[in-house]
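Subject: Handing over the structure, with some notes

Hello,

Here is the structure I promised to pass on to you. Please have a look at it first, and then read on for what turned up in it.

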Amino acid sequence: MHNERLLEIVRFCVVGGLSLVVDCAILFGLTEFFGVNYWYSAGISFTVSVIFNYWLCVAYVFKNVRKQTARQATIFIGSSVVGLALNQLCMWFFVEVILLHYMIAKIFATAMVTIWNYIMKRRAISA
């Protein structure tokens, strides 16, 4: 059981890394190429990466997952909304208060949201 959970965490980190690439690519593209304010770009990119992440979590990370119930979907969506709020708050704080570049701020925001995401997604998937 312990090794199973460790492998699950490793798979979660791999999927999280891929989701981060999607998130950062969209954030950068919208901000740099389309002139969208970083804060809006961050919200859009986070939302797209959450959908991508959910799909991979169900398909790859959390093995032996049965069809999702309405309760599980509600937990997942609720935790994602809180994750989005944390992401946006961190982006604002690190860019506007600490004065970091928005892409550096994204790294810090992601680090702060990752633990929340694992705990809540684990609950959502296995509830």
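Let me begin with the cysteines, and with one cut-off: a disulfide is a pair of cysteine sulfur atoms within 2.5 Å. Please also keep in mind that this is a predicted model.

How many disulfides does the structure hold? The count is zero. Cys-24 is in no disulfide, and the cysteine sulfur nearest to its own, that of Cys-90, is 14 Å away. For Cys-57, the closest cysteine sulfur belongs to Cys-13; the two are 11 Å apart, so they are too far from each other for a bond. Cys-57 is buried, at 1% relative accessibility, and Cys-24 is buried as well, with a relative accessible area of 17%.

Cys-24 also brings us to the interior. Together with Leu-27, Tyr-38, Ala-42, Cys-90, Met-91, Phe-94, Val-95, Tyr-102, Met-103, Ala-105 and Ala-109, Cys-24 makes up the largest nonpolar core, which has 12 residues in all. Four elements each give two or more residues to this core: α1 (2-34), α2 (38-61), α3 (70-97) and α4 (102-126). There is also a second, separate core of seven residues, with Phe-12, Val-15, Val-61 and Tyr-118 among them. If you would like one residue of the largest core to start from, try Ala-105: leaving out residues up to four places away in sequence, Ala-105 touches Met-91, Phe-94, Val-95 and Leu-100.

Next, helix α2. How far apart are its end C-alpha atoms? They are only 30 Å apart, although α2 has 24 residues and a straight helix would reach 34 Å at 1.5 Å a residue. At the start of α2, a side-chain oxygen of Asn-37 comes to within 2.8 Å of the backbone nitrogen of Trp-39. The buried residues of α2 include Ser-41, Ser-45, Ser-49 and Asn-53, along with Phe-46, Val-50 and Leu-56.

Two polar residues in the other helices are worth finding on your screen. Is Lys-106, in helix α4, buried or exposed? Lys-106 counts as buried, because its relative accessibility is 0%. Its side chain is joined to that of Asn-87 by a polar contact of 2.8 Å. Apart from neighbours within four places in sequence, the contacts of Lys-106 are Asp-23, Cys-24, Leu-27, Phe-46, Asn-87 and Met-91. Cys-24, Leu-27 and Met-91 are also members of the largest nonpolar core.

The other one is Gln-88, in helix α3. Gln-88 has a relative accessible area of 9%, so it is buried too. Beyond residues up to four places away in sequence, Gln-88 touches Trp-39, Ala-42 and Gly-43.

Further along helix α4 you will come to Val-113. Val-113 is buried, at 3% relative accessibility. Not counting residues up to four places away in sequence, Val-113 is in touch with Phe-46, Gly-83, Leu-86 and Asn-87. Phe-46 and Asn-87 are also on the contact list of Lys-106. The C-alpha atoms of Val-113 and Ala-59, on the other hand, are separated by 22 Å, and these two residues are 54 apart along the chain.

Last, the aromatic rings. A search of the whole structure finds four aromatic pairs. One of them is Trp-39 with Tyr-40: the ring centres are 5.8 Å apart and the planes are at 80°, so this pair is edge-to-face. Trp-39 is partly exposed, with a relative accessible area of 35%, while Tyr-40 is exposed at 53%.

Another pair is Phe-94 with Phe-108, where the centres are 5.3 Å apart and the planes are at 35°, so the pair is tilted. Phe-94 is in helix α3 and Phe-108 in helix α4, so this pair ties together parts that are 14 residues apart in sequence. Phe-94 is buried, with a relative accessible area of 13%, whereas Phe-108 is partly exposed at 41%. Which residues do ring pairs link into a cluster? They are Phe-93, Phe-94 and Phe-108.

Enjoy looking around, and do write back with any questions.

Best wishes

Key:
Residues are numbered from 1 along each chain as its sequence is written. This is a predicted model: local features need pLDDT of at least 70, side-chain atom pairs count only at pLDDT 80 or more; totals for chains, interfaces and linings use all residues. Side-chain values use heavy atoms; hydrogens and water are left out. A nonpolar core is a set of buried Ala, Val, Leu, Ile, Met, Phe, Trp, Tyr and Cys residues joined through side-chain atoms within 4.5 Å. Buried means under 20% relative accessible area, exposed over 50%, partly exposed in between (1.4 Å probe, protein chains only). Contact means heavy atoms within 4.5 Å. A polar contact is a pair of N or O atoms within 3.5 Å; within protein, one must be able to donate a hydrogen and the other to accept it, and residues adjacent in sequence count only if both atoms are side-chain atoms. The expected span of a helix is 1.5 Å times one less than its number of residues. Rings of Phe, Tyr and Trp (its six-membered ring) pair if their centres lie within 6.5 Å; planes under 30 degrees apart count as stacked, over 60 as edge-to-face and the rest as tilted.
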